[in-house]
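Dear colleague,

I am passing a structure on to you, and I would be grateful if you could read the notes that follow with the sequence and the model open beside them.

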Amino acid sequence: MTLRDMARPSLRLTFSLLFATVAALVAVGVGALSYGLASALIWQETDDDFDRAAEAVAELTIDAGDLTPEDLAELDDDFDVDLGDVLAGSDTLIGQILGAGGQVVDEGYPQPLPVSNTDRAVAAAEEPGHTQSSEAQLDHTRVRIVTVALGGGRGAIQVAQQLSEVDSLLTSLRTRITAVGVAISLAAGVCGWFVTNRVTRGLVRLTRVAEEVTVTGRLDLPVPAGGRDEVGRLGTAFDRMLGQLARSRDAQQRLVQEAGHELRTPLTSMRTNIALLHRFDELPLSARGPLLTDLTMESRELIKLINELVELATDTRELEAAEPVELAEIAGRVAQRFRTRSSREITTQADGTVVTGRPQALERALSNLVENATKFDSSGAPVEIVIHRGRVEVRDRGPGVPDLPEGRLFDRFYRAPEAQSMRGSGLGLAIVRDVVTAHDGTVFAHNRDGGGATIGFELPER
């Protein structure tokens, strides 16, 4: 594992961070929207409350006519104007009364309000209801003030609204929204971790198995499989893939071992003959010809065996494209070739069966069957090729099929006892089986009535 791989976050951590990020973005959006709406509503209500108080005081000064500061500060039962009634119902409003010179006649509660030159000018104004607004800071408390003239230069009424409570309320609201957003993000991250852990549990186990296979090269490791979701299907497919790889490797090892065993015989024979070539001049003339002939035949058989081994090991037939194949045409070419090669009578009896397959591979399979028949049949009787509805049979009058377990005749390098002295690789029927299996077909072999064997294969028709 490289440093780059170690620095790369795991899938669970990535999903957890993604969940938390998405939740944080949603929380920020919802929180900002909620705070904006709540702040707007609170400020709207605060402004309305202040405006109503200012308008009520202005109406009071206008309606009362010759109202004086003393009337407001020292009310008797006969006077029905009360500043407290105007400001009642609000915990944020403060009222204060100014005299004609701007002096404070009745201080505001819970704290007095500042009086500026502007406020004194309003107190000296002749027109009742004249107003002037301002803002001030009282003991770290932010207030906004409106001063309303009584008229006739008699004084003024100050109405102030404390904004610190609104600021504190909005600050508390921001803190709570932030806390809720952080809590939601953390909860989403934790939930994402558990959910991702549950979802990726199978992937983690598969990853460990894959890493162990890479390190050890073992293909027999147990793979966590099962389930109908994508992870379960992936585990099942991975398990099947390892099984196929294991079978393929075992088959390759068997092929190498069997090929090594089969190659020893021709190589030993050639080595012996080559050793004799060193004393070629000492050999009688009658022995030189057979020696060279034997070397030539051994080299040909060796080349043939190597070609067949390469074909089996690499499966080069797969390079050929599948297409519609008329089996009668293949049978005709194979029969004509073996008539010329062996001078044997090869008969064909074929219907119009058409299959989907690789022409050269199918022709090679049929050629191997005919070659096998001509090799073992020394009776001189015709070798018959019969094709009917996808079933291909090659019939001879040779010694027949030996008593073997089913399919053993088509094993690689298998050779019947009576064929041990004959030349050949023992791969001909194995190649037939591989070709037929690749075409979704089956092979068969049985004895004929009256002697001989019927060996062939059956393919699905188009």
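Isoleucine 385, once its neighbours within four places in sequence are left aside, is in contact with Ala331, Ala335, Ile346, Thr347, Thr348, Gln349, Leu366, Val370 and Glu393. Please keep in mind, here and in all that follows, that this is a predicted model.

Isoleucine 385 also has a place in a wider grouping, since the largest nonpolar core has 33 residues, and those that touch the most other members are Leu362, Leu366, Val370, Ile385 and Phe457. At least two residues of this core are supplied by each of helix H9 (327-342), helix H10 (359-376), strand E9 (383-388), strand E10 (391-395), helix H11 (428-438) and strand E12 (453-458). Among these contributors, H10 gives the largest share, which is seven residues. There is also a second core, separate from this one, which has 15 residues, and Ala54, Ala58, Ile97 and Val159 are included in it.

Two residues in loops may also deserve a look for their backbone angles. In the loop between E9 and E10 you will find arginine 389, whose phi is near 50°, a positive value in a residue other than glycine. Arginine 389 has a relative accessibility of 55%, and because exposed means over 50%, it counts as exposed. The other residue is aspartate 440, which lies in the loop between H11 and strand E11 (442-447), and whose phi, near 60°, is likewise positive although the residue is not glycine. Aspartate 440 has a relative accessible area of 66%, and it is therefore exposed as well.

Turning to the surface, which residues make the nonpolar patch of about 670 Å²? It is formed by Phe15, Leu18, Phe19, Val22, Val26, Val30, Val195 and Val199. Two elements, helix H2 (11-64) and helix H6 (164-216), are those that give two or more residues to the patch, and the largest share, six residues, comes from H2.

Within that patch, is valine 195, which lies in helix H6, buried, partly exposed or exposed? Its relative accessibility is 44%, and because partly exposed covers the range between under 20% for buried and over 50% for exposed, valine 195 counts as partly exposed.

With kind regards

Methods
Residues numbered from 1 in each chain as written. Predicted model: local features only at pLDDT ≥ 70, side-chain atom pairs only at ≥ 80, totals over all residues. Heavy atoms only, no water. Patch = residues over 30% accessible without salt bridge, like charges linked within 9 Å, V, L, I, M, F, W, Y side chains within 5 Å. Areas by Shrake-Rupley, 256 points an atom, 1.4 Å probe, with all protein chains shown as cover. Salt bridge = Lys/Arg side-chain N within 4 Å of Asp/Glu carboxyl O. Helix = DSSP H or I, 4+ residues; strand = E, 2+ residues; numbered from the N terminus. Buried < 20%, exposed > 50% of the residue type's maximum accessible area, 1.4 Å probe, protein only. Core = buried A, V, L, I, M, F, W, Y, C linked by side-chain atoms within 4.5 Å. Contact = heavy atoms within 4.5 Å.
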